[in-house]
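Subject: A structure to look at, with notes

Dear colleague,

I am handing over a structure that I have been reading through, and I would be glad if you would open it and keep it beside this message. My notes on what was found follow directly below it.

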Amino acid sequence: MTEFTGKRWHDMGGDDAGPMNGHAPTDDHDNALWEKRVDALLVLCSGKGLFTVDGLRRGIEDLGPEAFETMTYYERWIASVNQNLVEGEIYTLAELGERMDSVAKRGDTYGIATHDG
């Protein structure tokens, strides 16, 4: 029988966490463009009241241990942002899929903004 420690799998407080997977904002590096966009999206959405920092944290914690261990810092953020926006009925998964298809069709120009909506 295992002893309950009172900690969930993502709670590493006081534990040796080992090497960090991906980058955190405190790392001494320039974030990739997509990471900057994830950060900006979070600021914009939370500023509009679409979700709270508590919602972001819950979404990250709900990813589960495997995703938490394999995803980078900003991959966890965008997964949680997406989950919060779907739950808040800002868009549906079908709408997201359609938009992702249209972005993928841009090919190498995926990072260039267009005026097609």
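Val53 counts as exposed, because its relative accessibility is 58% and the cut-off for that word is over 50%. The residue has its place in helix H2, and if you look for Val43, which is 10 residues away from Val53 in sequence, you will find the two C-alpha atoms 10.0 Å apart in space. Please keep in mind throughout that this is a predicted model, and that every value in this message was computed from it.

Staying with helix H2, you can set Val53 beside the residues of this helix that are buried, namely Gly55, Leu56, Gly59, Ile60 and Glu61. What do these buried residues of H2 pack against? They pack against H1, against helix H3, which covers residues 65-70, and against H4.

Arg58 also has its place in helix H2. With a relative accessible area of 30%, Arg58 is partly exposed, because that word covers the values between the limit for buried, under 20%, and the limit for exposed, over 50%. When its neighbours within four places in sequence are left aside, Arg58 is in contact with Asn84 and Glu87. You may also like to find Ser80, which stands 22 residues from Arg58 along the chain, while the C-alpha atoms of the two are separated by 7.9 Å.

It may help to step back to the whole chain. Of its 117 residues, 24% are buried, and the chain holds 5 helices and 0 strands, so that reading along the sequence gives the pattern α-α-α-α-α. If you take the contacts between residues at least 6 apart in sequence, 60% of them join residues that are at least 24 apart. The accessible surface of the chain comes to about 8600 Å², and carbon and sulfur atoms account for 56% of that surface.

The largest nonpolar core has 12 residues in all: Val38, Leu42, Cys45, Phe51, Leu56, Ile60, Phe68, Tyr73, Tyr74, Trp77, Val81 and Leu85. Two or more residues of this core come from each of helix H1 (33-47), helix H2 (53-61) and helix H4 (73-87), and H4 gives the largest share, with 5 residues. A useful member of the core to look at on screen is Val81, which, leaving aside neighbours within four places in sequence, is in contact with Leu41, Leu42, Phe51 and Leu56.

The next point concerns how two helices lie against each other. Two packed helices are described by the angle between their axes and by the distance between those axes. For H1 and H4, the angle is about 35° and the axes are 10 Å apart, and the crossing of the pair is left-handed. On the H1 side of this contact are Trp34, Glu35, Val38, Asp39, Leu41, Leu42 and Cys45, which meet Tyr74, Glu75, Trp77, Ile78, Val81 and Leu85 in H4. The residues of this contact divide into 10 nonpolar, no polar and 3 charged.

Asn82 also lies in helix H4. Is Asn82 buried or exposed? Asn82 counts as buried, because its relative accessibility is 18% and the limit is under 20%. Not counting residues up to four places away in sequence, Asn82 touches Tyr91, Leu93 and Leu96.

Leu96 lies in helix H5, which covers residues 93-104, and at 23% relative accessibility Leu96 counts as partly exposed. Under the rule that leaves out residues up to four places away in sequence, Leu96 touches Asn82 and Tyr91. The C-alpha atoms of Leu96 and Asn82, which are 14 residues apart along the chain, are separated by 9.2 Å.

Finally, I would ask you to look at the loop between H4 and H5, where Glu89 is found. Most residues other than glycine have a negative phi. Glu89, however, has a positive phi of about 60° although it is not a glycine. At 72% relative accessibility, Glu89 counts as exposed.

With best wishes

How values were computed: Residues numbered from 1 in each chain as written. Predicted model: local features only at pLDDT ≥ 70, side-chain atom pairs only at ≥ 80, totals over all residues. Heavy atoms only, no water. Core = buried A, V, L, I, M, F, W, Y, C linked by side-chain atoms within 4.5 Å. Buried < 20%, exposed > 50% of the residue type's maximum accessible area, 1.4 Å probe, protein only. Helix = DSSP H or I, 4+ residues; strand = E, 2+ residues; numbered from the N terminus. Contact = heavy atoms within 4.5 Å. Areas by Shrake-Rupley, 256 points an atom, 1.4 Å probe, with all protein chains shown as cover. Axes fitted to C-alpha atoms, helices over the stretch in contact; angles between N-to-C directions. Left-handed = near helix turned anticlockwise from the far one by under 90°. Nonpolar A, V, L, I, M, F, W, Y, C, P; charged D, E, K, R; others polar.
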